[in-house]
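Here is a short briefing on one chain. Keep the sequence and the 3D view open while you read.

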Amino acid sequence: MANVVVGVTGSVAAYRVPDLCLELSRRGHEVRVVASEEALRFVGRDALGFAAEEVITELTERAEHVELAEWADAVLVAPATLNTLAKLAYGIADTPVTLTALASLGAGKRLVVAPAMSEHMYRSPPARRALRRLEEMGAVVVPPRLEEGKAKLAELEELVRAVEGELSGVRILVTGGPTLEPLDDVRVITNPSSGETAARICEQLRAAGAEVILVHGPMREEARADERVEVRTTEEMLEEVRKRVGDVDAIVMAAAPSDFRPRERARGKLDSRSRHTVELVPTPKIIEEVFPEFDGVKVAFKVDPEPVKGARRLLERVPCDLVVANPPETLGAEESEWWILDRDGEVVERVRGPKTELARVLRDLLIERLGGDGGGGDSS
Ligand SMILES: Cc1cc2nc3c(=O)[nH]c(=O)nc-3n(C[C@H](O)[C@H](O)[C@H](O)COP(=O)(O)O)c2cc1C
């Protein structure tokens, strides 16, 4: 059961919103409506008020959009006009709907948009671009039905499913970023991982309704999660992951932990004018420590000059449901290439493009394996 704000905008399809609100209420959700001025040309305030607990059509000194953003678990803009989609994509906050949706997105809430317009408008470059931008920001787009030259609002059940999320009730632990191994009190050994892969994965999993716990080293990328645990060393990352394994349905190991640490940590600051010899010892392999005892869905990442072979070698040593493998030369590049293998070592997906694309494909593979409402991995 969730708190849902339905944002209504000026499309003919707005007449379907009272039914949509009633359907959401029947499924146990609490529903409040926020409508643009234009929306009220297509659906009456009384019809909305009959179907929802509260209807807001203008904002006052109460700053209702802030209250709604705090109250909401999800905001569903349905029907979403091209006008409103374009504003949302570029942060133009000048109607009760755009203000509420943008504040909610900023508050880390689920934003679902369901376009409805003529097919020509839907196919226009600004519409394509706005929808892509919104997806990149973590919003969920429910595609319209293309019929009779129209991009018609999706079916109500589909809208309800999108609000609830295919991974609703599922808890997923994601690791991200590098770890730091101290050489002395001020210097560390690390690697240039930015944490972007984990950030994009968290975004996509949350957009599908999962509860995401992110255990991470220092990340240059901003990442949203329901719980964030910051660590420094690989050992700390292992500890924090271990504490939570009994409480999650899947683990996605997208971090790039430092593989070595100095055998000894020098006190103070090593003299920068002298030579030093550092003995490096391997850090624990988090996957090897955690995956054999974890019976949820296990996703490993592997960087290897021969990605597919490297992934298969990993599968021989450690049980994984999915291995995402890529070659080292694509690290840090804007576009990359990944091979995703299943537990039997079969390549199930090959992804080329930005990290958002990988995150989307991975989300869909997790949906296949976890379903929704409590999930329960099929790991054995
Ligand atoms: C009869 C009529 C139907 C409309 N239907 C749509 C529609 O389905 N989708 C859309 O994007 N715009 C549609 N529009 C245009 C929007 O109402 C217009 O862009 C308005 O400014 C949207 O404001 P809002 O996004 O703040 O609600 C329609 C306009 C009229 C007059």
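Which residues of helix α13 are buried? They are Lys355, Leu358, Ala359, Arg360, Leu362, Arg363, Leu366, Arg369 and Leu370. Bear in mind that this is a predicted model. The points below cover two helices, the domains, the ligand shell and one sheet.

**Helix α13**
- Helix α13 spans residues 355-370, 16 residues in total.
- From first C-alpha to last, α13 reaches 22 Å, close to the 22 Å expected at 1.5 Å a residue.
- Its buried residues pack against one helix, α9 (196-207).
- They also pack against the strands β15 (250-253), β18 (297-303), β19 (322-326), β20 (336-342) and β21 (347-353).
- Gly371 comes just after α13 and takes a positive phi of about 60 degrees.

**Helix α9**
- α9 has 12 residues. Its first and last C-alpha atoms lie 16 Å apart, close to the 16 Å expected at 1.5 Å a residue.
- This helix is mostly covered, with 12 of its 12 residues buried.
- Charged side chains appear in that buried list: it includes Glu196, Arg200, Glu203 and Arg206.
- Among the other buried residues of α9 are Ile201, Cys202 and Leu205.
- The cover over α9 includes α13 and the strands β5 (110-115), β7 (140-141), β10 (171-176), β13 (211-216) and β15.
- Just after α9, Gly209 has a positive phi of about 95 degrees.

**Domains**
- The domain assignment gives domain 1 as 3-164 and domain 2 as 171-370.
- Their centres, taken over C-alpha atoms, are 36 Å apart.
- Domain 1 puts 6 residues into the contact, and domain 2 puts in 6 residues.
- On the domain 1 side, the touching residues are 1 nonpolar, 2 polar and 3 charged.

**Ligand shell**
- The ligand is surrounded by 16 residues.
- Thr9, Gly10, Ser11, Thr81 and Met117 are the closest.
- Helix α4 (residues 82-90) gives the most to this shell, with 3 residues.
- By class, the shell holds 7 nonpolar, 8 polar and 1 charged.

**A three-stranded sheet**
- Three strands form an open sheet in the order β6-β9-β8, with antiparallel pairing.
- Why do β6 (117-118) and β8 (145-147) each have one side without a neighbour in the sheet? Both stand at the edges with a single partner strand, so one side of each is left free of a neighbour there.
- β6 and β9 (residues 150-152) run antiparallel and are joined by 2 bridges.
- Ser118 has Lys150 in β9 as its bridge partner.

Note on methods. Residues are numbered from 1 along each chain as its sequence is written. This is a predicted model: local features need pLDDT of at least 70, side-chain atom pairs count only at pLDDT 80 or more; totals for chains, interfaces and linings use all residues. Helices (H or I, at least four residues) and strands (E, at least two) are DSSP runs, numbered from the N terminus. The expected span of a helix is 1.5 Å times one less than its number of residues. A residue is buried if 20 or more other C-beta atoms lie within 10 Å of its own, exposed if 12 or fewer, and partly exposed in between; C-beta atoms are placed from the backbone. Two residues are in contact if their C-beta atoms, placed from the backbone, lie within 7 Å. Domain bounds come from an automatic or database domain assignment. A residue is near a molecule or strand if its C-beta atom, placed from the backbone, lies within 6 Å of it. Two strands pair if DSSP finds at least two bridges between them.
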